[in-house]
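This report covers strand pairing, nonpolar packing and one surface feature. The structure it describes comes first.

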Amino acid sequence: MSPAQDAPVITGIGVVAPTGIGVAEHWAATLSGTRAIGPITRFDPESYPVRLAGEAKGFSAPGNVPGRLIPQTDHWTHMALVAADQALADAGVDPSALPEYEMGVVTASSSGGVEFGQREIQELWSKGPRHVGAYQSIAWFYAATTGQISIRHGMRGPCGVVVAEQAGALESLAQARRVLEDGARLVVSGGTDAPFSPYGLTCQISNGRLSTHTDPELAYRPFDARAGGYVPGEGGAILIVEDAGKARERGARDAYGVIAGHAATFDPAPGSGRPPALRRAIEQALAQAGLEPGDLDVVFADAAGSPELDRAEAEAIAAVFGDRGVPVTAPKTMTGRLYAGGPSLDVATALLAMRHSVLPPTIGVSDLVPGYAIDLVRDEPRDAEVRSALIIARGYGGFNAALVLRAPDHSTSTGGDR
């Protein structure tokens, strides 16, 4: 078998997001440009400068998560457990039928179990240590989701978690690819986040990048002349990544796409005089995928929503692809930035764009900054053949990640019908 035939493929997608629960709901809402940003409802935000968020309002743990796990785990893990169930079903995977040490789990987390943690700390302060539950020791931890998915599905192969803020989910997929190269057959990967508690929101506000606008239609406008920060969101996507050859062996249905290239860089310290490292990440990811800039069909932008960061991203994209050289989209304008869940949701959306030959829109950008030489897909979907896609993600503190997806062809198809 050639390396191309055994390239890592994504065979299953699970989504829990502000735009919907499940692939079908998310994709329909995305193509229709449905704005899922609104007032925070998980707690009273009136005393906070940030009052809007992208909440997964259609999600409910009872009835979807085993009852014994609900009091043991945070909302962030609840969402990932449901998305993992969806993804495994979508891929046609029965974990009990596969060797347990050949299945791994690598997820991303940014905030961890902040809602669970705040509740238990409040119990400590108000009632004393005897009222703090034993599960506090594990539910807040960044690796809790990885552990719970592993236990639930009997996956005893390599497991881990990546913490790189918004860039984390792309890093989790890169790590999943390494795990496959080391001999595993399947990895559950991606990420979710649930950053909404008073404590969680306070931590986010401290970075100075959140929008304080109170109008959902105006709060998050990346690349717009009136951009003033981003809106946070919750949820994400879980993906099933498999070795293509082993997926064929189990009779898997057609893959959504191939993980063709990845690169990660770190920005220099402010004031160093050295340039940002995002362009280098993009170029290295393309090179690893064996693609020239002209081969790429779409860029899913990080879309930070602040003038300085938007300018840096627009300049990096134009430098690599030329002025308006490739369509650029940011469907996260409908959901807000989901931290560790955001890039995996972008990956899921890019794979659906490949399958359906349509580019999802960016909404709310009415006054693109004239100096940004990018071809932004605005307001309406754009019909286009999508054979390759670049997903960009940047995390607070200097993380940069770029992932290239390629549509499956005859050499990487797993062979079945979906």
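In this predicted model, strand 9 is mostly covered, with eight of its ten residues buried. Strand 9 has antiparallel pairings with strand 1 and with strand 16. The table lists the bridges for each pairing, along with one residue pair.

| Strand joined to strand 9 | Bridges | Direction | Residue pair |
|---|---|---|---|
| Strand 1 (residues 8–17) | Two | Antiparallel | Isoleucine 10 and glycine 257 |
| Strand 16 | Eight | Antiparallel | Valine 258 and arginine 406 |

Strand 9 also contributes to the nonpolar interior. The largest nonpolar core has 46 residues, and Phe223, Ile282, Val299, Phe321 and Leu390 are those with the most contacts inside it. Two or more residues of this core come from each of strand 4 (52–54), strand 9 (257–266), helix 9 (278–289), helix 10 (307–321), strand 15 (388–395) and strand 16 (399–406). Helix 9 gives the largest share, six residues.

Which residues does isoleucine 282 touch, not counting those up to four places away in sequence? The contacts of isoleucine 282 are Ala316, Val320, Phe321, Leu390, Ile392 and Ala402. Apart from the largest core lies another core, of 44 residues, which include Ala17, Ala237, Phe300 and Leu359. In soluble globular proteins, nonpolar side chains tend to be buried together.

A nonpolar patch is found on the surface, formed by Ile121, Leu124 and Trp125, and together these residues have about 330 Å² of accessible area. Tryptophan 125 is located in helix 3 (residues 114–127). Tryptophan 125 counts as exposed because its relative accessible area is 71%, and exposed means over 50%.

Note on methods. Residues are numbered from 1 along each chain as its sequence is written. This is a predicted model: local features need pLDDT of at least 70, side-chain atom pairs count only at pLDDT 80 or more; totals for chains, interfaces and linings use all residues. Side-chain values use heavy atoms; hydrogens and water are left out. A nonpolar core is a set of buried Ala, Val, Leu, Ile, Met, Phe, Trp, Tyr and Cys residues joined through side-chain atoms within 4.5 Å. Buried means under 20% relative accessible area, exposed over 50%, partly exposed in between (1.4 Å probe, protein chains only). Helices (H or I, at least four residues) and strands (E, at least two) are DSSP runs, numbered from the N terminus. Contact means heavy atoms within 4.5 Å. Patches are made of residues with over 30% relative accessible area and no salt bridge: like charges are joined within 9 Å, nonpolar side chains (Val, Leu, Ile, Met, Phe, Trp, Tyr) within 5 Å. Accessible areas come from the Shrake-Rupley method with a 1.4 Å probe; for residues, only the protein chains shown count as cover. A salt bridge is a side-chain nitrogen of Lys or Arg within 4 Å of a carboxyl oxygen of Asp or Glu. Two strands pair if DSSP finds at least two bridges between them.
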